[in-house]
Amino acid sequence: MKDRETFGHWEMDSVMGCRSSKAALVVLTEHLTRYGLIFRVPDHTMESVVKVLNRLERRMGKDFRQVFQSITVDNGSEFQDCAGMEKSLRRRTSRTRIYYCHPYSASEQGSSENMNRIVYHFFPKGTSFDEVTAVQVTQAEDWKNSYPRAILGWRSARALFEEHLTN
(Lines give C-alpha, C1' and ligand atoms only; values in the text may rest on other atoms or scores of the structure.)
Protein backbone atom coordinates (compact mmCIF):
# COMPACT_ATOMS: atom_id res chain seq x y z
CA MET A 1 0.00 0.00 0.00
CA LYS A 2 2.29 2.75 -1.23
CA ASP A 3 -0.45 5.41 -1.25
CA ARG A 4 -1.27 5.15 2.46
CA GLU A 5 -4.91 6.03 1.83
CA THR A 6 -6.60 3.05 3.43
CA PHE A 7 -6.65 1.95 7.05
CA GLY A 8 -5.86 -1.57 8.22
CA HIS A 9 -2.65 -2.45 6.37
CA TRP A 10 0.30 -3.28 8.62
CA GLU A 11 3.99 -4.03 8.44
CA MET A 12 5.50 -6.53 10.86
CA ASP A 13 9.14 -6.99 11.76
CA SER A 14 11.22 -8.43 14.56
CA VAL A 15 14.00 -6.89 16.59
CA MET A 16 16.70 -9.17 17.92
CA GLY A 17 18.67 -8.57 21.08
CA CYS A 18 22.32 -9.29 21.72
CA ARG A 19 23.68 -12.71 20.75
CA SER A 20 23.14 -14.15 24.22
CA SER A 21 19.52 -12.94 24.30
CA LYS A 22 16.92 -15.55 23.43
CA ALA A 23 13.95 -13.15 23.68
CA ALA A 24 13.08 -10.72 20.88
CA LEU A 25 10.49 -8.09 19.98
CA VAL A 26 7.76 -8.37 17.37
CA VAL A 27 6.79 -4.95 16.05
CA LEU A 28 3.66 -4.11 14.03
CA THR A 29 3.11 -0.71 12.41
CA GLU A 30 -0.16 0.40 10.79
CA HIS A 31 0.64 1.96 7.42
CA LEU A 32 -1.73 4.95 7.36
CA THR A 33 -1.64 6.12 10.99
CA ARG A 34 1.88 4.89 11.87
CA TYR A 35 0.38 3.38 15.05
CA GLY A 36 2.70 0.76 16.50
CA LEU A 37 2.36 -2.35 18.62
CA ILE A 38 5.38 -3.94 20.30
CA PHE A 39 5.39 -7.42 21.82
CA ARG A 40 8.19 -9.10 23.72
CA VAL A 41 8.40 -12.76 22.71
CA PRO A 42 10.41 -15.51 24.44
CA ASP A 43 12.23 -16.47 21.26
CA HIS A 44 12.70 -15.60 17.59
CA THR A 45 10.47 -18.33 16.11
CA MET A 46 7.47 -18.77 13.85
CA GLU A 47 5.48 -20.09 16.79
CA SER A 48 6.04 -16.91 18.80
CA VAL A 49 4.90 -14.73 15.90
CA VAL A 50 1.71 -16.79 15.45
CA LYS A 51 1.05 -16.55 19.21
CA VAL A 52 1.30 -12.74 18.99
CA LEU A 53 -1.34 -12.68 16.24
CA ASN A 54 -3.51 -15.15 18.19
CA ARG A 55 -3.32 -12.91 21.26
CA LEU A 56 -4.23 -9.86 19.18
CA GLU A 57 -7.17 -11.65 17.55
CA ARG A 58 -8.49 -12.76 20.96
CA ARG A 59 -8.13 -9.22 22.32
CA MET A 60 -9.80 -7.54 19.33
CA GLY A 61 -12.50 -10.13 18.66
CA LYS A 62 -14.66 -9.54 15.62
CA ASP A 63 -12.87 -6.25 14.82
CA PHE A 64 -9.56 -7.99 14.05
CA ARG A 65 -10.26 -8.53 10.32
CA GLN A 66 -11.19 -4.89 9.80
CA VAL A 67 -8.18 -3.52 11.68
CA PHE A 68 -5.67 -6.07 10.30
CA GLN A 69 -6.71 -6.40 6.67
CA SER A 70 -3.16 -7.24 5.58
CA ILE A 71 0.29 -7.62 7.09
CA THR A 72 3.51 -7.27 5.11
CA VAL A 73 6.56 -9.09 6.45
CA ASP A 74 10.13 -9.70 5.35
CA ASN A 75 11.50 -13.12 4.49
CA GLY A 76 12.91 -13.87 7.95
CA SER A 77 12.58 -17.39 9.30
CA GLU A 78 10.21 -16.15 12.02
CA PHE A 79 7.64 -15.21 9.33
CA GLN A 80 7.70 -18.44 7.31
CA ASP A 81 4.44 -19.87 8.73
CA CYS A 82 2.15 -17.97 6.38
CA ALA A 83 -0.78 -20.35 6.97
CA GLY A 84 -0.42 -20.04 10.75
CA MET A 85 -0.31 -16.24 10.59
CA GLU A 86 -3.37 -16.09 8.32
CA LYS A 87 -5.45 -18.76 10.11
CA SER A 88 -8.22 -17.37 12.30
CA LEU A 89 -8.98 -18.73 15.75
CA ARG A 90 -12.56 -17.50 15.49
CA ARG A 91 -13.80 -18.44 12.02
CA ARG A 92 -13.16 -20.72 9.08
CA THR A 93 -11.93 -17.93 6.82
CA SER A 94 -8.53 -16.31 7.20
CA ARG A 95 -8.05 -13.53 9.75
CA THR A 96 -5.74 -11.46 7.52
CA ARG A 97 -3.66 -11.57 4.34
CA ILE A 98 0.11 -11.96 4.62
CA TYR A 99 2.39 -10.43 2.00
CA TYR A 100 6.14 -10.87 1.72
CA CYS A 101 8.64 -8.19 0.67
CA HIS A 102 11.18 -8.83 -2.01
CA PRO A 103 14.49 -10.04 -0.54
CA TYR A 104 16.88 -7.25 0.46
CA SER A 105 14.22 -4.57 -0.11
CA ALA A 106 14.00 -2.71 3.20
CA SER A 107 12.33 0.19 1.37
CA GLU A 108 9.22 -1.97 0.98
CA GLN A 109 8.80 -1.78 4.77
CA GLY A 110 9.55 1.87 5.42
CA SER A 111 7.15 2.17 8.36
CA SER A 112 8.76 -0.82 10.07
CA GLU A 113 12.24 0.58 9.53
CA ASN A 114 11.19 3.88 11.12
CA MET A 115 9.52 2.07 14.02
CA ASN A 116 12.68 0.01 14.57
CA ARG A 117 14.71 3.23 14.87
CA ILE A 118 12.36 4.32 17.64
CA VAL A 119 12.63 0.91 19.32
CA TYR A 120 16.45 1.21 19.23
CA HIS A 121 16.12 4.58 20.97
CA PHE A 122 14.65 2.76 23.97
CA PHE A 123 16.53 -0.52 23.55
CA PRO A 124 19.93 0.15 21.89
CA LYS A 125 21.50 -2.54 19.75
CA GLY A 126 23.13 -5.06 22.03
CA THR A 127 20.26 -5.00 24.56
CA SER A 128 19.37 -8.36 26.06
CA PHE A 129 15.61 -8.69 25.69
CA ASP A 130 15.76 -11.46 28.27
CA GLU A 131 16.12 -8.64 30.82
CA VAL A 132 13.55 -6.24 29.33
CA THR A 133 10.20 -6.15 31.14
CA ALA A 134 6.69 -5.91 29.73
CA VAL A 135 6.38 -2.52 31.45
CA GLN A 136 9.44 -1.20 29.58
CA VAL A 137 8.02 -2.44 26.25
CA THR A 138 4.66 -0.78 27.02
CA GLN A 139 6.40 2.50 27.90
CA ALA A 140 8.25 2.50 24.57
CA GLU A 141 5.05 1.72 22.68
CA ASP A 142 3.09 4.43 24.53
CA TRP A 143 5.77 7.05 23.87
CA LYS A 144 5.96 6.19 20.17
CA ASN A 145 2.19 6.38 19.73
CA SER A 146 1.70 9.56 21.81
CA TYR A 147 4.10 12.09 20.35
CA PRO A 148 2.76 14.48 17.68
CA ARG A 149 4.34 14.11 14.24
CA ALA A 150 4.58 16.55 11.35
CA ILE A 151 3.72 13.81 8.83
CA LEU A 152 0.42 13.29 10.69
CA GLY A 153 -0.48 17.00 10.78
CA TRP A 154 1.00 17.31 14.27
CA ARG A 155 -1.34 14.67 15.60
CA SER A 156 -0.26 11.54 17.41
CA ALA A 157 -0.45 8.08 15.88
CA ARG A 158 -2.75 7.07 18.74
CA ALA A 159 -5.25 9.88 18.05
CA LEU A 160 -5.33 9.09 14.34
CA PHE A 161 -5.62 5.33 14.96
CA GLU A 162 -8.50 5.80 17.43
CA GLU A 163 -10.26 8.08 14.96
CA HIS A 164 -10.14 5.34 12.32
CA LEU A 165 -11.36 2.73 14.82
CA THR A 166 -14.49 4.76 15.54
CA ASN A 167 -15.34 5.36 11.87
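**Exercise 1. Work out how exposed Thr 138 is and where it sits.**

Step 1: Thr 138 has 41% relative accessibility, so it counts as partly exposed. The scale calls a residue buried under 20% relative accessible area, exposed over 50%, and partly exposed in between (1.4 Å probe, protein chains only).

Step 2: Look for Thr 138 in helix H5. Helices (H or I, at least four residues) and strands (E, at least two) are DSSP runs, numbered from the N terminus.

Step 3: Now find Ile 38, which is 100 residues from Thr 138 along the chain; their C-alpha atoms are separated by 7.5 Å.

Before going on, keep in mind that this is a predicted model: local features need pLDDT of at least 70, side-chain atom pairs count only at pLDDT 80 or more, and totals for chains, interfaces and linings use all residues. Residues are numbered from 1 along each chain as its sequence is written, and side-chain values use heavy atoms, with hydrogens and water left out.

**Exercise 2. Lay out the sheet and the helices on it.**

Step 1: Put 5 strands in the order S3-S2-S1-S4-S5 and you have an open sheet with mixed pairing. Two strands pair if DSSP finds at least two bridges between them.

Step 2: Check the edges: strand S3 (36–41) and S5 each pair on one side only. From one strand to the next, the twist averages 25°.

Step 3: Zoom in on S1 and S2, which run antiparallel and are joined by 7 bridges. Trp 10 has Glu 30 in S2 as its bridge partner.

Step 4: Add the helices. H1 packs on the sheet, touching S1, S2, S3 and strand S4 (70–73), and its direction makes about 125° with that of S3. H5 packs on the sheet too, touching S2 and S3, at about 170° to the direction of S3. Contact here means heavy atoms within 4.5 Å. Axes are lines fitted to C-alpha atoms, for helices over the stretch in contact, and angles run from 0 to 180 degrees between N-to-C directions.

**Exercise 3. Track down the salt bridges.**

Step 1: The structure holds 4 of them. The test is a side-chain nitrogen of Lys or Arg within 4 Å of a carboxyl oxygen of Asp or Glu.

Step 2: One of them joins Arg 95 to Glu 57, with the closest N and O atoms 2.8 Å apart. Arg 95 lies in the loop between helix H3 (82–86) and strand S5 (97–100) and Glu 57 in helix H1 (residues 46–60), so this pair ties together parts 38 residues apart in sequence. Arg 95 and Glu 57 are both buried.

Step 3: Next, Glu 163 and Arg 155 meet at 2.6 Å, N to O. Glu 163 is partly exposed at 31%, and Arg 155 is partly exposed at 32%.

**Exercise 4. Find what H6 packs against and which ring Phe 161 stacks on.**

Step 1: Ala 157, Leu 160 and Phe 161 are buried in H6. They cover an arc of only 100° around the axis, so they sit on the same side of H6; the arc is that of the directions from the helix axis to the C-beta atoms.

Step 2: Among the partners of the buried H6 residues are strand S1 (9–16) and H5.

Step 3: Phe 161 forms a stacked aromatic pair with Tyr 35, 4.0 Å centre to centre and 10° between the planes. Rings of Phe, Tyr and Trp (its six-membered ring) pair if their centres lie within 6.5 Å; planes under 30 degrees apart count as stacked, over 60 as edge-to-face and the rest as tilted.
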